[in-house]
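Got the viewer open? Switch to a cartoon view with side chains on demand, and let's go from stop to stop.

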Amino acid sequence: MPSSATETRVTPPHLTPDAALFLDLDGTLLELADRPAAVAADDALRGRLVTLTHALGGAVAVVSGRAINDLDRILRPLVLPAAGQHGIEWRDATRHRRQHPTPTLPAETLAELDLFVAAHPGTLLESKGASFAVHFRGRPDAARAVATILADAARDAGPGWEVLQGKMMTELRPAGVHKGDGIRRLLADPPFAGRRPVFVGDDWTDEDGFVAVNALQGISVAVAVERETQARYRLDGVAAVHDWLDRSAAALSPTRERG
Ligand SMILES: [Mg+2]
C-alpha cells in the first residue's frame, strides 16, 4: 500500500490482543527535554506500561536511541524488554541481553568530540557505549558545527561508522543497524513472536521501524510528524499517545476497568 503524508493523518485503531507493542520513548512517551539525563517517567506512565504489558501477554517493549541502561534509569523500577542505541543492543522478555558486534571508536576521535563540546558550552556529549551523541538543544546555533565535527569524526574513525541526525542532536554510530532491526530481533522470541507488530515513534530514526512493521503487516504510528513519513497512522503528540494507549488498554481489559 502506498503511503504519503496526507494518508497518515488518521488516528490508529485500538490495540488488539494479538499486538506486539513497540514504543519509542523521547518525544513519544515522554516530552523532549533540554537535557536527556533530566528525563524520568512518572507513576502514570509506569502504570500505563504495566497495564499494557499485562493486557498484551508481556509483549511491550521500548525501542529507543538511548542505551538500555539509560532506559532502565528512566523507567525504574520497571524493567521492560527493550532495543537500545537504535537496535544495536536488545533485551528480551527473559532479560537476556544481546548486542550486535560493533567497532570501537578510536580514543583520539573521542578526545576530539570531548574538546569540541568543551569549546561549545551548551552542547553535551552522550556516550552510550557503542554510539556517541552530541546534543545541542541548549546551543541551537551550533547545529552546523556539530554536524561537521561528527562527519569528520565518522571519516577519521574509518569504515563502519555513520552519522545520524536526530532532534537537536547528532549521533556518531556503527553503520547499518537501525530501529527496524531492533524490532525484528525482539519479534523473534516469545512473547513477541507471532504477534502483529505495532510501532509508535516520532523521530527520523523511527522511519526504519515504520518500514519494518509495514513489511510485517503491522501498524506504524508517527507522533507529531509533519514530514513525509512511512507511518500509516498519526498521533498529534505525547498526550495523544497516552490517550490512545489508555483507550486501547480499556478496550483490551474491560473487566479491569469495571473492577
Ligand atoms: Mg523519539
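Select the magnesium ion to begin. In this predicted model, three residues coordinate the ion at 2.1 Å: Asp24 and Asp202 through OD, and Asp26 through O. Along the chain, these donors follow the spacing D-x1-D-x175-D. Asp24 sits in the loop between strand 1 (19-23) and helix 1 (43-55), while Asp202 sits in the loop between strand 10 and helix 6, so the pair ties together parts that are 178 residues apart in sequence. Color Asp24 and Asp202 by accessibility and both come up as buried.

Keep Asp202 on screen and add Lys167. The two form a salt bridge, with the closest N and O atoms 2.6 Å apart.

Next, select Asp206, which is in the loop between strand 10 and helix 6. Is Asp206 buried or exposed? Its relative accessible area is 0%, so Asp206 counts as buried. Follow the side chain of Asp206 and you arrive at the backbone nitrogen of Asp202, 2.8 Å away. Leaving out residues up to four places away in sequence, Asp206 touches Asp24, Lys179, Phe199 and Gly201.

Time to zoom out and color by domain. Domain 1 is made of two segments, 5-100 and 177-258, and domain 2 covers 107-174. Their C-alpha centres lie 26 Å apart. How many residues does each domain bring to the contact? Domain 1 gives 18 residues and domain 2 gives 16. Together the two domains bury about 1300 Å² between them, with 52% of that on carbon and sulfur atoms. On the domain 1 side, pick out Pro36, Gln85 and His86: these supply 29% of the area that domain 1 buries against domain 2, more than any other three residues. For the polar part of this interface, there is 1 salt bridge across it, along with 9 residue pairs in polar contact, both partners at pLDDT 80 or more.

Stay with Gln85 from that trio. Gln85 lies in the loop between strand 3 and strand 4 (89-91), and its phi is positive, about 50 degrees, although Gln85 is not a glycine. Its relative accessibility is 2%, under the 20% cut-off, so Gln85 counts as buried.

For a second backbone of this kind, jump to Gln217, in the loop between helix 6 (207-215) and strand 11 (219-223). Phi of Gln217 is near 60 degrees, again a positive value in a residue other than glycine. Is Gln217 buried or exposed? At 58% relative accessibility, Gln217 counts as exposed.

While you are looking at backbone geometry, visit two cis peptide bonds. One runs from Arg76 to Pro77, with omega near 5 degrees; Pro77 is in the loop between helix 2 (68-75) and strand 3 (82-84). Another runs from Pro190 to Pro191, with omega near 0 degrees. You will find Pro191 in the loop between helix 5 (179-187) and strand 10 (196-201).

Go back to the Pro77 loop and step onto helix 2. This helix is mostly covered, with 6 of its 8 residues buried. Which residues of helix 2 are buried? Select Ile68, Asp70, Leu71, Asp72, Ile74 and Leu75 to see them. Now show their surroundings: these buried residues pack against helix 1, strand 2 (60-63), strand 3, strand 4, strand 5 (97-99) and strand 6 (124-127).

The last stop is Gln165, in strand 8 (residues 161-166). At 40% relative accessibility, Gln165 counts as partly exposed. Set a distance between the C-alpha atoms of Gln165 and Asp203 and you should get 9.3 Å, for two residues 38 apart in sequence. Show the side chain of Gln165 and trace its polar partners. One is the backbone oxygen of Met169, reached at 3.1 Å; another is the side chain of Thr170, joined to that of Gln165 by a polar contact of 3.1 Å. Not counting residues up to four places away in sequence, Gln165 touches Phe136, Thr170 and Trp204.

Key:
Residues are numbered from 1 along each chain as its sequence is written. This is a predicted model: local features need pLDDT of at least 70, side-chain atom pairs count only at pLDDT 80 or more; totals for chains, interfaces and linings use all residues. Side-chain values use heavy atoms; hydrogens and water are left out. Helices (H or I, at least four residues) and strands (E, at least two) are DSSP runs, numbered from the N terminus. Buried means under 20% relative accessible area, exposed over 50%, partly exposed in between (1.4 Å probe, protein chains only). Donors are N, O and S atoms within 2.8 Å of the metal (3.2 Å for Na, K and Ca); water is not among the atoms, so sites may look incomplete. Domain bounds come from an automatic or database domain assignment. Contact means heavy atoms within 4.5 Å. Buried area is the accessible area (1.4 Å probe) that two parts lose on being put together, summed over both. A salt bridge is a side-chain nitrogen of Lys or Arg within 4 Å of a carboxyl oxygen of Asp or Glu. A polar contact is a pair of N or O atoms within 3.5 Å; within protein, one must be able to donate a hydrogen and the other to accept it, and residues adjacent in sequence count only if both atoms are side-chain atoms.
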